Amino acid sequence: MFKRLFWISIGVGIGAVAVTKAQAYVKANTPDAARQFLFGPDQDHVAVRTLEGLFNEFDETRRAREAELNTKYADKIS
């Protein structure tokens, strides 16, 4: 178990370094118009915007599912 956890953490670390290096390469070697298209207007906070979008999508889906379950099961209680 600890071997798997170790290798998964090594893989996540290598992946994070690879993504960081790839973004730095793209920022350094592409014209501004292409960077604007790829990263959007706020190029310094791409990771934060991505995580925020993932969280918002998760929260929206969770709320929809919760409302669906409430309507399905709450009516049976009353």
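Q: What pattern does the protein follow when you read along the sequence?
A: This is a predicted model, where local features need pLDDT of at least 70, side-chain atom pairs count only at pLDDT 80 or more, and totals for chains, interfaces and linings use all residues. Residues are numbered from 1 along each chain as its sequence is written, and side-chain values use heavy atoms, with hydrogens and water left out. The protein has three helices and zero strands; both are DSSP runs numbered from the N terminus, with H or I over at least four residues for a helix and E over at least two for a strand. Read along the sequence, the pattern is α-α-α.

Q: Why does the protein count as spread out or compact, going by its radius of gyration?
A: The radius of gyration is taken over C-alpha atoms, and the globule rule is 2.2 Å times the number of residues to the power 0.38. For 78 residues that rule gives 12 Å, and the protein is well over it at 20 Å, so compared with a compact globule it is more spread out.

Q: What does the C-alpha trace span along its principal axes?
A: Here's the overall extent in three numbers. Along those axes the trace of the protein spans about 65 × 45 × 15 Å.

Q: What percentage of the residues count as buried?
A: The surface first: the protein exposes about 7100 Å² (Shrake-Rupley with a 1.4 Å probe; for residues, only the protein chains shown count as cover), and carbon and sulfur atoms supply 66% of it. Buried means under 20% relative accessible area, exposed means over 50%, and partly exposed is in between (1.4 Å probe, protein chains only). Out of 78 residues, the buried share is 8%.

Q: Which kind of pair do the rings of Phe 6 and Trp 7 make: stacked, tilted or edge-to-face?
A: The structure holds one aromatic pair. The ring centres of Phe 6 and Trp 7 are 5.0 Å apart and the planes sit at 75°. Rings of Phe, Tyr and Trp (its six-membered ring) pair if their centres lie within 6.5 Å, with planes under 30 degrees apart stacked, over 60 edge-to-face and the rest tilted. So the pair is edge-to-face.

Q: What accessible area does the nonpolar surface patch with Phe 6 and Trp 7 have?
A: Trp 7 sits in helix α1 (residues 2-29) and is exposed at 57% relative accessibility, while Phe 6 is partly exposed at 45%. Patches take residues with over 30% relative accessible area and no salt bridge, joining like charges within 9 Å and nonpolar side chains (Val, Leu, Ile, Met, Phe, Trp, Tyr) within 5 Å. Phe 6, Trp 7, Ile 10 and Ile 14 make up this patch, and together their accessible area is about 440 Å².

Q: Which residue forms a salt bridge with Arg 63?
A: Four salt bridges turn up in the whole structure, each being a side-chain nitrogen of Lys or Arg within 4 Å of a carboxyl oxygen of Asp or Glu. Arg 63 is exposed at 53% relative accessibility, but its partner is buried at 17%. Both lie in helix α3 (residues 46-77), four residues apart, about one turn of the helix. The closest N and O atoms are 3.2 Å apart, and the partner is Asp 59.

Q: How far apart are the closest N and O atoms of Arg 62 and Glu 66?
A: Arg 62 is partly exposed at 36%, and Glu 66 is partly exposed at 42%. Being four residues apart in helix α3, they are separated by about one helical turn. Asp 59, Arg 62, Arg 63 and Glu 66 are linked in a salt-bridge network, and for Arg 62 and Glu 66 the closest N and O atoms are apart by 3.1 Å.

Q: Which residue forms a salt bridge with Glu 68?
A: Glu 68 is partly exposed at 44%, and its partner is partly exposed at 45%. The two are three residues apart in helix α3, so about one helical turn separates them. With the closest N and O atoms 3.0 Å apart, the partner is Arg 65.

Q: What separates the C-alpha atoms of Gln 23 and Asn 70 in space?
A: Gln 23 lies in helix α1, and Asn 70 lies in helix α3. Leaving aside neighbours within four places in sequence, Gln 23 is in contact (heavy atoms within 4.5 Å) with Phe 39 and Val 46. Gln 23 and Asn 70 are 47 residues apart along the chain, and their C-alpha separation is 43 Å.
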